[in-house]
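Trainee: Could you walk me through reading a few features of this structure?

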Amino acid sequence: MAASVDQRPYTGLQHGVVRAFKPSPDVTRPKKLPHPPPLSDSSSDDEDDATLKDLIRKSSAEVESSIFDPRDDGTSDHWIQRNASMVRLTGKHPFNSEPPLPRLMHHGFITPVPLHYVRNHGPVPRARWEDWTVEVTGLVTRPTRFTMDQLVRDFPSREFPATLVCAGNRRKEQNMVKQSIGFNWGAAAISTSVWRGVQLRSLLKRCGIYSRTKGALHVCFEGVEDLPGGGGSKYGTSIMREIALDPSRDIIIAYMQNGELLTPDHGFPVRMIIPGFIGGRMVKWLKRIIVTTQQSDSYYHYKDNRVLPSHVDAELANAEAWWYKPEYIINELNINSVITTPCHDEILPINSWSTQRPYVLRGYAYSGGGRKVTRVEVTLDGGETWQVCTLDCPEKPNKYGKYWCWCFWSLEVEVLDLLGAKEIAVRAWDEALNTQPEKLNWNVMGMMNNCWFRVKTNVCKAHKGEIGIVFEHPTQPGNQSGGWMAKQKHLEKSSESNPALKKSVSSPFMNTTSKTYSMSEVRRHCNPNSAWIVVDGHVYDCTRFLKDHPGGTDSILINAGTDCTEEFEAIHSDKAKKMLEEYRIGELMTAGYSSDSSSPNSSVHGNSDTTHLAPIKEVALNPREKIPCKLLSKTSISHDVRLFRFALPSEDQLMGLPVGKHIFLCATVDEKLCMRAYTPTSSVDEVGYFDLVVKVYFRGVHPKFPNGGLMSQHLDSLPVGAVLDVKGPLGHIEYTGRGNFLVRGKPKFAKRLAMLAGGTGITPIYQVVQAILKDPEDRTEMHVVYANRTEDDILLREELDEWAKKHDRFKVWYVVQESIREGWEYSIGFITESILMEHVPRASPDTLALTCGPPPMIQFAVQPNLEKLGYDIENNLLVF
């Protein structure tokens with residue numbers, strides 16, 4: 001099942017609570033901060049204060065430490081620690097990122113600061129609290145430059161939760177229809193924090209803002225960073241005077257987020273917070289506030305954050321000055337909602353257990369301008385009928401009746417109703433009866449996309465005769481592949497290119513005059529001395545352009561040796577695409593003809609009888625298709641253990657198996673389809689092949705299984721060169737690195753792992769250990785207890801023992817039912833409480849147990865003995 005929204009209570013909390021200032025011990029912080037005076041019209045509520053702190057504490061409890069990410073090496077942001085799970089949308093630099101959607105939802109109402117989405121236009125300034133000032137100038141009687149200590153000491157503070165949303169949230173959906181001039185935000189460009197700061201209106205009144213009749217019509221905000229836009233400028237924008245002075249708007253100059261000083265990526269030491277507005281109006285690293293008669297003259301105020309009519313492209317917008325027409329500016333957020341459960345690529349099995357209980361759909365919704373979300377509806381039949389969802393609105397309004405935060409929605413549906421649906425769609429309504437349009441309205445900036453959010457459903461065949469429902473979100477953020485809109489776009493491109501393909505009867509390649517390169521050759525050109533990229537099937541040598549690239553060499557080198565089509569199109573103009581032609585050296589080699597009409601998904605996205613050329617896939621596995629794999633070699637490790645090496649369909653391919661997941665081997669045995677799950681022992685980074693260590697269960701050896709293992713004996717009988725079908729990836733557990741797991745889409749984190757295996761169940765454990773030890777930055781501790789019948793049944797012992805010698809963070813202990821040799825120095829018998837007490841870590845919030853083995857071992861040895869040691873087996877035991 002997918003990650004669900006953690007709907008933690010948020011009752012009794014009012015906006016505008018006064019707080020004492022408590023500095024946090026990170027960044028370049030002052031030695032001592034003054035306490036702000038109390039508000040004159042409000043008093044602190046201890047119950048609200050405790051609720052607020054509890055929410056922040058809970059939301060941050062399962063967040064791993066930020067790191068100096070290697071992707072920032074060599075950039076101007078190398079000094080900033082960041083969360084490694086953030087999805088980067090514009091390559092290495094600048095840092096624009098969003099969290100994985102399931103992880104965002106897992107943390108509930110308050111988003112941990114390291115997982116808050118980030119929009120940076122350039123390098124992050126290296127600021128010091130003690131040196132920073134904010135200047136208020138322009139049409140005021142007392143122009144003043146305030147230090148940070150003065151802002152904290154001389155003004156009452158306001159603290160409240162507010163949701164920030166980038167105007168580009170869900171932009172990738174627009175880019176799938178037609179490329180905008182913006183990069184690929186997914187559906188997680190949204191986060192909620194508790195912000196504390198000084199009221200803007202208090203600052204303006206202290207400085208004596210002029211009246212409207214004296215020309216004070218706009219309040220402009222300017223950051224400190226130097227940016228390339230318009231030939232070099234500061235990031236700046238403005239709002240109307242009436243909005244700036246409106247007490248109901250809760251506009252603050254914020255210096256704290258979730259109880260700590262701001263972090264560098266979020267504007268340290270001070271930024272604007274304008275609740276209910278798009279994130280683009282909330283200037284970070286705030287340096288100047290200027291009261292003016294005209295709007296801000298910043299390049300970014302006019303050339304960003306606009307929704308122009310659909311017929312206006314970038315060329316027309318520049319030629320006819322559409323950027324400067326005031327009616328197209330974006331300020332307040334629009335109504336929007338998203339489905340988060342089911343998550344993308346989740347598979348819901350259809351069986352007697354799953355159909356006995358309803359499935360819970362979940363998601364988030366928000367609106368702008370302080371308008372409350374009053375209704376969320378879901379349709380399973382394309383809008384013919386709608387079901388009203390249950391709303392969880394954790395916040396209370398401010399005293400003016402305004403709401404600044406997202407809410408969560410849920411709806412129970414029958415599994416059989418999902419089985420009959422082609423898609424799930426959601427729309428929200430707010431108190432002004434604004435709702436979401438059915439269809440996408442494209443605009444050149446790809447902003448404010450709020451059409452119905454649609455999740456497609458597909459029926460897939462699961463093992464053991466079961467079927468299942470696989471769910472597809474419209475897109476995946478950034479340069480990630482996946483999503484039904486990407487498939488739809490691929491089908492459209494294939495259909496358009498078909499006439500040209502029919503003419504190329506004599507050759508399987510589109511361009512017979514250009515030189516062709518395989519993807520493996522492109523991958524070798526990935527350094528400053530030779531930097532090649534692939535865009536739309538063309539190969540470009542960008543080496544001589546490195547020093548001239550406006551975004552710096554990093555922007556090219558991060559993509560060197562890869563197919564960066566999606567990322568290139570997301571962040572480059574048509575002019576840049578034309579410039580790229582100068583560097584084209586050939587075409588990407590293709591793999592011949594294929595047809596989408598054979599795809600199991602064709603019934604959902606439209607059948608196609610056209611035959612098209614398909615490029616070689618970088619990833620071999622497709623969860624909805626079997627891939628043929630040739631047996632390259634077979635090695636006998638012992639009398640009943642074999643090492644098989646299978647070739648992937650192309651020597652250039654990665655298998656595409658996430659760590660912790662498995663594959664199905666499919667074969668016809670005795671005229672019946674036989675499918676068995678196996679976990680490869682080769683690294684997930686291997687190209688062109690994968691290895692399996694398999695114990696062969698021979699016929700007539702074990703009295704309980706007189707026929708032996710059908711698949712293992714079939715594998716043992718295969719000659720080198722035989723072909724076997726493989727399907728995957730499958731499984732509900734994925735190790736994403738550095739202590740992080742996704743379990744049915746829900747994130748979990750551990751510093752220590754108790755890993756309990758029995759027999760051939762060692763292979764998924766082995767795979768996780770291999771991934772951890774391969775990453776020198778992964779300090780996760782691993783304690784393996786491995787049970788078998790005898791010493792001879794222990795698989796991969798040589799590798800396990802070698803790891804234990806080399807790595808202090810890896811321990812292994814063996815248990816055998818009977819020892820067949822003298823000098824056995826490990827345990828004899830079964831896994832017991834005393835063995836676990838001695839050889840696995842104690843139960844704790846940052847410890848997880850992983851197990852794979854025979855069901856009786858898990859049921860009668862692993863689960864009860866872990867419970868005796870204090871493990872929460874329902875939440876902290878992961879069974880492969």
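Mentor: Sure, we'll take a sheet, a helix, a strand pair and the cysteines in turn. Keep in mind that this is a predicted model.

Trainee: Let's start with the sheet of 6 strands. What is the order of its strands, and is it open or closed?

Mentor: For a sheet, you list the strands by who sits beside whom, rather than by number. Here the order is β35-β34-β37-β32-β33-β36, the sheet is open, and the pairing is antiparallel. β35 (672–678) and β36 (689–695) are the edge strands, each pairing on one side only. Ignoring direction, neighbouring strands are turned by 40° against each other on average.

Trainee: How many bridges are there between β33 and β36?

Mentor: There are 7, and β33 covers residues 641–647. To get the register, pick one residue and look up its partner: L643 is bridged to V693 in β36.

Trainee: Now helix α20. What span should its 14 residues have?

Mentor: Use the rise of 1.5 Å a residue, which puts the expected span for residues 855–868 at 20 Å. The end C-alpha atoms of α20 lie 19 Å apart, so the two values agree.

Trainee: Where does α20 bend?

Mentor: At V862, by about 30°. There's also a proline, P864, within the four residues that follow V862. Just past the helix, G870 has a positive phi of about 95°.

Trainee: Which residues of α20 are buried?

Mentor: First, the general idea: with 3.6 residues a turn, positions three or four apart on an α-helix point the same way. In α20, the buried residues are M857, I858, A861, V862, N865 and L866. Among the elements covering those residues are β41 (752–758), β42 (781–788) and α19 (833–839), along with β45 (847–852) and β46 (877–879).

Trainee: β41 turns up in that cover. How many of its own residues are buried?

Mentor: 6 of 7, so to speak mostly covered, when you count the residues of β41 under 20% relative accessible area. β41 and β42 run parallel and are joined by 7 bridges. For the register, A754 is the one to look up: its bridge partner in β42 is H783.

Trainee: Last one: how many disulfides does a search of the whole structure find?

Mentor: 0. You can still ask about the surroundings of individual cysteines. C389 has a relative accessible area of 8%, so it is buried, the cut-off being 20%. C666, at 5%, counts as buried too.

Notes. Residues numbered from 1 in each chain as written. Predicted model: local features only at pLDDT ≥ 70, side-chain atom pairs only at ≥ 80, totals over all residues. Heavy atoms only, no water. Pairing = 2+ DSSP bridges. Helix = DSSP H or I, 4+ residues; strand = E, 2+ residues; numbered from the N terminus. Axes fitted to C-alpha atoms, helices over the stretch in contact; angles between N-to-C directions. Expected span 1.5 Å × (residues − 1). Bend = angle between axes of the 7 residues up to and from the residue. Buried < 20%, exposed > 50% of the residue type's maximum accessible area, 1.4 Å probe, protein only. Contact = heavy atoms within 4.5 Å. Disulfide = S-S within 2.5 Å.
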